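Me: Please show me the model, and then let us work through its fold and its interior.

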Amino acid sequence: MSEMKSGRVVRVNRFSVPAGARDEFMRLIGRTHDVIRAQPGFIDDMVLEQNSGAETFNLITILQFEGEHVLQPVIAAVAKADAAAGIDRQMLSRRLGVETHVAFYSPVMLPELLPA
């Protein structure tokens, strides 16, 4: 994201979470979303869960923001809250066995979906 774009941006986080780590990881997600919801430029969020068997839960978090200009302050707010709580996300993810994939998306308007 080296260029600043105008318009909404959506962050999608995918997590593969071992069943035994689910509760602790869900508390972290809840805490994180509480911090993010309080930030200027936050629009909406959603957490989705799919049980992929007895061993692993797949979680997806979707966060929508006003634009790329709010992302760095939001990331900084989460880092500050983590530091205050003594949370090291990388160490926690390794300890829990959580695999993470993060991506940013921009909404696309498909011409065939626009009113005539």
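The questions below go from the overall fold to the nonpolar cores.

Reply: This is a predicted model, in which local features need pLDDT of at least 70, side-chain atom pairs count only at pLDDT 80 or more, and totals for chains, interfaces and linings use all residues. Residues are numbered from 1 along each chain as its sequence is written, and side-chain values use heavy atoms, with hydrogens and water left out.

Me: In what order do the elements of the protein chain run from the N terminus?

Reply: Helices (H or I, at least four residues) and strands (E, at least two) are DSSP runs, numbered from the N terminus. The protein chain has 3 helices and 4 strands, and the order of these elements is β-α-β-β-α-α-β.

Me: What percentage of the 116 residues counts as buried?

Reply: Buried means under 20% relative accessible area, with a 1.4 Å probe and protein chains only. By that criterion, the share of the 116 residues in the protein chain is 32%.

Me: Which element gives the largest share of the largest nonpolar core?

Reply: A nonpolar core is a set of buried Ala, Val, Leu, Ile, Met, Phe, Trp, Tyr and Cys residues joined through side-chain atoms within 4.5 Å. The largest one has 12 residues, including Val-9, Phe-42 and Phe-65. The elements giving two or more residues to this core are α1 (22-37), β3 (56-65) and α2 (71-85), and the largest share, 5 residues, comes from α2.

Me: How many residues does the other core, with Phe-15 among them, have?

Reply: This core lies apart from the largest one, and Leu-28, Leu-59 and Val-98 are also among its members. Its residue count is 10.

How values were computed
Buried < 20%, exposed > 50% of the residue type's maximum accessible area, 1.4 Å probe, protein only.
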